[in-house]
Amino acid sequence: MYSEKVMDHFQNPRNVGEIENASGVGTVGNAKCGDIMRMFLDIDENGVIREAKFKTFGCGAAVATSSMATELVKGKTIQEALQVTNKAVMEALDGLPPVKVHCSLLAEEAIHAALWDYAEKNHIVIEGLKKPKSDIHEGEEEEEY
């Protein structure tokens, strides 16, 4: 069901924790499943991400996508980090089951939320960055029951 890479990042997550005085911190959630992901970025004066850490409350796939997302953005410029999509996270993990794709969306939104926080703190505009959603389902139509 899960790839070896997903299992590895779940059982041995990289970059767990917080960055004190982080350049940017982003928190996103998924009200439908209860996952919450917080991403911390340390960005240097040249706009390069020196360090990325995360804290995630959620399923194994949420932990794995958080771990992989931090690996993918470390050492990248802000613009390069902005290009890390949920698809890139899934590909780096050798895929996710369809019911867990939302976890990779959380990872993408957490990166964007942390970059947004960085931009706000520094009074800058990051080209191509939109205001992040606090919940990945924000703006969707309410489901009828």
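These legends walk through several close-up views of a predicted model.

**View 1. The largest nonpolar core and its best-connected members.**
Welcome to the inside of the model, where the largest nonpolar core has 37 residues. Leu41, Val73, Val89, Leu115 and Ile126 touch the most other members of this core. Two or more core residues come from each of these elements: strand S2 (35-43), strand S3 (49-57), helix H2 (60-73), helix H3 (78-82), helix H4 (86-92) and helix H5 (101-122). H5 is the top contributor to the core, giving 10 residues. As a general background, nonpolar side chains tend to be buried together in soluble globular proteins.

**View 2. Leu41 and the residues around it.**
Here we zoom in on Leu41, one of the core residues that touch the most other members. Which residues does Leu41 contact, leaving aside its neighbours within four places in sequence? Ile19, Ala22, Ser23 and Gly24 are among them, and so are Ile49, Glu51 and Ala52. The list is completed by Val73, Ile111, Ala114 and Leu115. Two of these names, Val73 and Leu115, may be familiar from the first view, where they appear with Leu41 among the residues touching the most other core members.

**View 3. Helices H2 and H5 side by side.**
This view shows where H2 packs on H5, with axes 8 Å apart and an angle of about 40°. That angle makes H2 oblique to H5. The crossing of the two helices, H2 and H5, is right-handed. On the H2 side, look for Ala61, Ala62, Thr65, Ala69 and Val73; they meet Cys103, Ser104, Ala107 and Ile111 of H5. Seven of the residues in this contact of H2 with H5 are nonpolar and two are polar, while no charged residue takes part.

**View 4. Helices H1 and H2 crossing.**
Now we turn to another partner of H2: the axes of H1 and H2 come within 8 Å and cross at roughly 90°. H1 and H2 are therefore roughly perpendicular to each other. H1 brings Val6, His9 and Phe10 to the meeting place, and H2 brings Gly60, Val63, Ala64, Ser67, Met68 and Glu71. Sorted by class, the contact of H1 with H2 holds five nonpolar, three polar and one charged residues.

**View 5. His9 in its setting.**
His9 sits in helix H1, which covers residues 4-11. Is His9 buried or exposed? With a relative accessible area of 5%, His9 is buried. Not counting residues up to four places away in sequence, His9 touches Arg14, Val63, Ala64, Ser67, Met68, Glu71 and Leu93.

**View 6. Glu71, a contact of His9.**
Glu71 belongs to helix H2, and its relative accessibility of 34% places Glu71 in the partly exposed class. Besides His9, Glu71 touches Arg14 and Asn15, again not counting residues up to four places away in sequence. Glu71 and Ala52 make a handy pair for getting your bearings: they are 19 residues apart in sequence, and their C-alpha atoms are 7.6 Å apart in space.

**View 7. Asn86 beside H5.**
Asn86 is a residue of helix H4 and counts as buried, at 16% relative accessibility. What does Asn86 contact, once its neighbours within four places in sequence are left aside? The answer is Val101, Ser104, Leu105 and Glu108. Ser104 also appears in the third view, as one of the H5 residues that meet H2.

**View 8. Two residues with positive phi.**
Asp94 is found in the loop between H4 and H5. Phi of Asp94 is near 60°, a positive value in a residue other than glycine. The other residue in this view, His123, is placed in the segment after H5 and has a positive phi of about 55°, although His123 is not a glycine. With a relative accessible area of 75%, His123 is exposed.

**View 9. Exposed residues Met1 and Gln11.**
Met1 lies in the segment before H1 and is exposed, at 80% relative accessible area. From Met1 to Gly34 the C-alpha distance is 21 Å, with their positions 33 residues apart in sequence. Gln11 is part of helix H1 and counts as exposed, with 53% relative accessibility. Gln11 and Glu138 are 127 residues apart in sequence and 30 Å apart in space, C-alpha to C-alpha.

Note on methods: Residues numbered from 1 in each chain as written. Predicted model: local features only at pLDDT ≥ 70, side-chain atom pairs only at ≥ 80, totals over all residues. Heavy atoms only, no water. Core = buried A, V, L, I, M, F, W, Y, C linked by side-chain atoms within 4.5 Å. Buried < 20%, exposed > 50% of the residue type's maximum accessible area, 1.4 Å probe, protein only. Helix = DSSP H or I, 4+ residues; strand = E, 2+ residues; numbered from the N terminus. Contact = heavy atoms within 4.5 Å. Axes fitted to C-alpha atoms, helices over the stretch in contact; angles between N-to-C directions. Parallel < 35°, antiparallel > 145°, perpendicular 65-115°, else oblique. Left-handed = near helix turned anticlockwise from the far one by under 90°. Nonpolar A, V, L, I, M, F, W, Y, C, P; charged D, E, K, R; others polar.
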